[in-house]
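Open the model in your viewer and keep the selection tool at hand. The stops below go from aromatic rings to a strand pair, then to cysteines and a single helix position.

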Amino acid sequence: MAQVPQTFDAPAVRTWCGLALRALGRAREEIDAINVYPVADGDTGTNLYLTVESAAAAVEAVFAAHEVGGGTGGAEGTTSGPSLADAARAMAHGALIGARGNSGTILAQLLRGMAQVFAADGDRAHTDGRGLCLALRRAADSARQAVAHPMEGTVLSVASAAADAATGAEEDCGTVALAAYEGACAALAATPGQLAVLERAGVVDAGGRGLVAVLAALVETFTGRTPEPGASPSAAAVAADGGPLVPHARVCPAEDDGPGACVAPASGPAFEVIYLLDAEDTAVARLRERLDGLGDSLVVVGGDGLWNVHVHVDDAGAAVEAGVEAGRPHRIRITHFGAGDAHTGGSGRPHRERAQRAVVAVVPGEGLAGLYTEAGATAVLARPGEQLASGELVEAVRRAHAREVVLLPNDPELRHTASAAAEQARGEGVRVALIPTRSAVQGIAALAVYEPGRRFDEDVVAMTSAAGATRHAEVTVAERQSWTTAGICQAGDVLGLIDGDVAVIGSDVAATAETVLDRMLSAGGELVTLVLGDEAPDAIADRLQTRVRESYLAVDTVVYQGGRQGAPLLIGVE
């Protein structure tokens, strides 16, 4: 058996995140299927998976930074790498910024509560069973405080039961984790008796089921094995990875589609609104009151100036405006609950026929997202300075709801992430072709020849050929002094990159763009694509179009507005 930690330290946090991610990956579809509260939208498992994926990525980044910097484990200096507090804070922050849905937002606060306890110990390399016990208690209490109107029979009940059970087992971390797991299993089994909607559907709470999987991963972290189903009488119905568990199941009509289909339709707000918010504590207190009057399922988690806000409302604009009044909302996501959703009073579950083929593309700005969507693609908005997770691309493939999907990453840094997403989607029965586009302008060229009526292989070949025949460039501004292939640049210099390499260093955006365009067209071209960012000079499009018209015969130019795309200008030459 592999060596397992006897105390909770930074490597244990890393291991826990990895095991929890795998456990939720295995249980995702099952958890989605039993998701009937607070909204029967079938995404709780996916949301929890994406939240933990973001947490795990943040922890890996902290370890990578210490490996590069050669750091030590804090004041005790006994081990290399981050301290327990560093790793726990990274885990909590990653979960906070990546939280999805009601359950994901609550899980982020659970992890934040644990991190607060570990951080209170300073830079200690590890904690013992008592420290883990205190962390689980703080996690449950802080999550309950973050929910505007806590309900029993939910993940909150499961978290509280886990903390209660751990309190009587203050020994080594493995014993505490197992006690918490068993307490969570018992509480999960009781959830149908606490929420009528669960009992009618014949399911346990989906969020609580996800937390059981996360706690099973915690047990495995310290013992090296997944807890046995019969670890306690209360856990006897729970499988080795934390589920499934569907007690009190009622018999549904033959035409019902799974356990969640038995839930009686209810009425409720039409939109889910989620955003990150930079704001002071006093402003957030006022925001809670404002949002509580607008809708339900209000959860506000975070602190220290950064918050994650989740609410269900009928007026999505008002919810966003409330965030603007409180501070700076960003990464805003608004989801409309479909007409067939139980939450909006529909009759039964929607059955949407799968499309034969779809395109999923990563785009750097809202303007391009609109352009790609109009062209029939499912657009995934990239976040400047932040790597997309593979789970987000998998979720987009599922949202496209097609038998065949063409995936356009539009960024060389996303190649491996997109490959992982494609593999996962293939495992779910979707035929996926990954075209290694390196820029959004190459994606535009590929979309221009997209023809879902022809054979899949022929379509992929045509799109790949169009993308490969498009040279790409961008004009951006240097943030710091650096060595480049064109020489040394200073902060504030304008850089012209052609096919990913710095080719021009200048002082003016328009002049640099003109030089870049001349170099690209010196090798020939038939069509120039210009994508303007919000920071592009007002007259740059006219200047470049004039340059092409006067200097290059039979070359056409098209201009698109890209919005906040990170660079003032993207250029494509086909």
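A search of the whole structure, which is a predicted model, turns up three aromatic pairs. Select Phe8 and Phe222 to see one of them: the two rings are edge-to-face, with 5.4 Å centre to centre and 70° between the planes. Now colour by secondary structure. Phe8 belongs to strand 1 (residues 8-9) and Phe222 to helix 9 (residues 206-223), so the pair links distant parts of the chain, 214 residues apart.

Are these two rings buried or exposed? Phe8 has 0% relative accessibility and therefore counts as buried, the cut-off being under 20%. Phe222, at 5% relative accessibility, is buried too.

Add Trp16 and Phe118 to the selection. Ring pairs join these two residues with Phe8 and Phe222 in a cluster.

Next, select Arg14 and Phe63. Which part of Phe63 does Arg14 lie over? Arg14 is placed over the face of the ring, at 4.3 Å from the ring centre.

**Strands 9 and 10**

Move to residues 402-408, which are strand 9, and residues 431-434, which are strand 10. The two strands run parallel, and four bridges join them. Display Glu404 and Arg431 as sticks: Glu404 stands opposite Arg431, a residue of strand 10. Then add residues 415-427, which form helix 14. Together with strand 9 and strand 10, helix 14 makes a β-α-β unit, and the unit is right-handed.

**Cysteines**

How many disulfides does the structure hold? The number is zero. A disulfide is a covalent bond between the sulfur atoms of two cysteines. Two cysteines to select here are Cys133 and Cys173. Cys133 is buried, with a relative accessible area of 4%. Cys173 also counts as buried, at 0% relative accessibility.

**Ala159**

For the last stop, select Ala159 in helix 6, which spans residues 155-167. With 7% relative accessibility, Ala159 counts as buried. Which residues is Ala159 in contact with, leaving aside its neighbours within four places in sequence? They are Leu110, Ala140 and Leu211. Showing the side chains of Leu110, Ala140 and Leu211 displays these contacts around Ala159.

Finish with a distance label from Ala159 to Gly208, C-alpha to C-alpha. The label should read 7.7 Å, while the two residues are 49 residues apart in sequence.

Technical notes:
Residues are numbered from 1 along each chain as its sequence is written. This is a predicted model: local features need pLDDT of at least 70, side-chain atom pairs count only at pLDDT 80 or more; totals for chains, interfaces and linings use all residues. Side-chain values use heavy atoms; hydrogens and water are left out. Rings of Phe, Tyr and Trp (its six-membered ring) pair if their centres lie within 6.5 Å; planes under 30 degrees apart count as stacked, over 60 as edge-to-face and the rest as tilted. Buried means under 20% relative accessible area, exposed over 50%, partly exposed in between (1.4 Å probe, protein chains only). A charge sits over a ring if NZ of Lys or CZ of Arg is within 6 Å of the ring centre and within 35 degrees of the ring normal. Two strands pair if DSSP finds at least two bridges between them. A crossover is right-handed if, with the strands pointing away from the viewer, the path from the first strand over the helix to the second runs clockwise. A disulfide is a pair of cysteine sulfur atoms within 2.5 Å. Contact means heavy atoms within 4.5 Å.
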